[in-house]
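Visitor: I am new to this structure and would like a close look at a single part of it. Please take one strand and follow it outward to whatever surrounds it.

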Amino acid sequence: MSRSDGFRDKTSAAEQATFFSVTPEQKSQTKAEAKSAPDDKAGHRRRLRERFQNGGAEAVPDYELLEMILFRAFPRIDTKPIAKRLLAKFGSFADVVSAPPERLKEVEGVGDRAVEELKLIKAAAERLTKGQIISRPALSSWDGVLDYLRLVQGFETREQFRILFLDKKNQLIADEVQGRGTVDHTPVYVREVVKRALELSASAIILVHNHPSGDPTPSRADIDMTKQIIDASRPLGVAVHDHIIVGRNGHASLKALRLI
């Protein structure tokens with residue numbers, strides 16, 4: 001009986017091997033079927049691109065726009081979860097592309113390549129908006145000036161003091177950050193502001209700084225400092241057109257508020 005059971009076991013194993021074996025023709029067919037199966041990820045990316053091409057930026061929400069930006073950084077990875085994590089952490093598309101690299105890397109899946117792609121978008125946007133104000137008088141394209149200032153400075157996590165230097169036609173001569181400070185203070189030296197305006201032969205200047213809190217409401221110190229610069233510049237023929245304060249939640253103009 002033991003011989004008979006052993007014989008049956010061997011036969012069964014052989015029969016099973018024959019039954020489950022795959023011929024070369026079957027292997028070839030399986031590979032062909034795999035190749036013809038739809039690639040869901042590639043299809044999703046193609047549909048996103050088509051929607052963007054046909055409808056522009058308005059046709060895709062923020063997370064899908066971020067998905068597309070990250071395609072090059074992650075050619076074989078689903079970028080939707082990363083895009084959604086970025087928005088969950090920072091709140092908006094503008095906040096994501098403006099966030100410091102070290103903060104971006106706190107998000108799971110984000111490394112140097114992803115940061116590079118996001119910062120490339122920010123740099124391109126800054127170059128585009130600045131180009132729109134360089135070729136025309138600043139005061140005639142005021143909305144463009146405000147858009148540019150909010151883009152380059154409104155999302156900074158530390159205060160910066162910037163000056164736009166203008167010629168007699170109010171065209172931009174130079175755009176310079178004069179000082180960087182803390183989360184709520186930047187030192188401003190009136191003498192250095194006037195000196196730099198004279199060095200550039202500027203006829204007028206626009207003062208700019210940001211409030212990292214997001215609230216652009218001017219402080220008493222902001223108003224007093226602006227008046228000191230106006231008083232020092234006027235006798236030397238340099239006009240102070242305005243002092244703009246920018247933040248995540250908008251901007252404030254000291255001139256529009258009748259504070260100068």
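Guide: Seven of the seven residues of strand β1 are buried, so β1 is largely enclosed by the rest of the structure. This is a predicted model, and the strand covers residues 160-166. Its side chains fall into two sets: Q160, R162, L164 and L166 point one way, while F161, I163 and F165 point the other way. Both sets are buried.

The strand belongs to an open sheet of five strands, in the order β2-β1-β3-β4-β5, with mixed pairing. At the edges stand β2 (172-180) and β5 (250-253); each has a single partner strand, so one side of each is left without a neighbour in the sheet. Averaged over the sheet, neighbouring strands are turned by 20° against each other, direction ignored. As background, strands of a sheet pair through backbone hydrogen bonds, either parallel or antiparallel.

In the sheet order, β1 sits between β2 and β3. Take the β2 side to begin with. Seven bridges link β1 and β2 in the antiparallel sense, and R162 stands opposite V177 in β2. The two strands make a hairpin with five residues between them. N170 lies in that loop between β1 and β2. Its phi is positive, about 65°, although N170 is not a glycine. With a relative accessible area of 18%, N170 is buried; the cut-off for that word is under 20%.

On the other side, β1 and β3 run antiparallel and are joined by six bridges. Two of the facing pairs can be named here: F161 stands opposite H209, and I163 stands opposite L207. In the loop that leads from α10 (190-199) to β3 is S201. S201 also has a positive phi, near 55°, and is a residue other than glycine. Unlike the buried N170, S201 is exposed, with a relative accessible area of 58%.

A helix packs on this sheet as well. Helix α11 (residues 220-233) touches β1, β3 and β4 (239-247), and the direction of α11 makes about 155° with that of β4.

Away from the strand, another part to look at is helix α5 (residues 80-90), where I82, A83, L86, L87 and F90 are buried. They cover an arc of only 135° around the axis, which puts them on the same side of α5. The buried residues of this helix pack against α4 (62-69), α6 (93-98), α7 (101-104) and α8 (112-134). The largest nonpolar core has 20 residues, and L66, L86, F90, V96, L104, V110 and L118 touch the most other members. Its largest share, five residues, comes from α5. Beyond its neighbours within four places in sequence, L86 has contacts that include L66, L70, V107 and L118. Just after α5, G91 takes a positive phi of about 100°.

Last comes the confidence of the prediction. The chain averages a pLDDT of 84, and 84% of the residues score at least 70. Strand β3, the partner of β1 described above, has the highest mean, 97, and helix α1 (residues 2-20) the lowest, 43. Over residues 1-38 the pLDDT is below 50, and that stretch has two contacts in the model beyond near neighbours in sequence.

Methods. Residues are numbered from 1 along each chain as its sequence is written. This is a predicted model: local features need pLDDT of at least 70, side-chain atom pairs count only at pLDDT 80 or more; totals for chains, interfaces and linings use all residues. Side-chain values use heavy atoms; hydrogens and water are left out. pLDDT is the predictor's confidence in each residue, from 0 to 100. Helices (H or I, at least four residues) and strands (E, at least two) are DSSP runs, numbered from the N terminus. Contact means heavy atoms within 4.5 Å. Two strands pair if DSSP finds at least two bridges between them. Axes are lines fitted to C-alpha atoms, for helices over the stretch in contact, and angles run from 0 to 180 degrees between N-to-C directions. Buried means under 20% relative accessible area, exposed over 50%, partly exposed in between (1.4 Å probe, protein chains only). The arc is that of the directions from the helix axis to the C-beta atoms. A nonpolar core is a set of buried Ala, Val, Leu, Ile, Met, Phe, Trp, Tyr and Cys residues joined through side-chain atoms within 4.5 Å.
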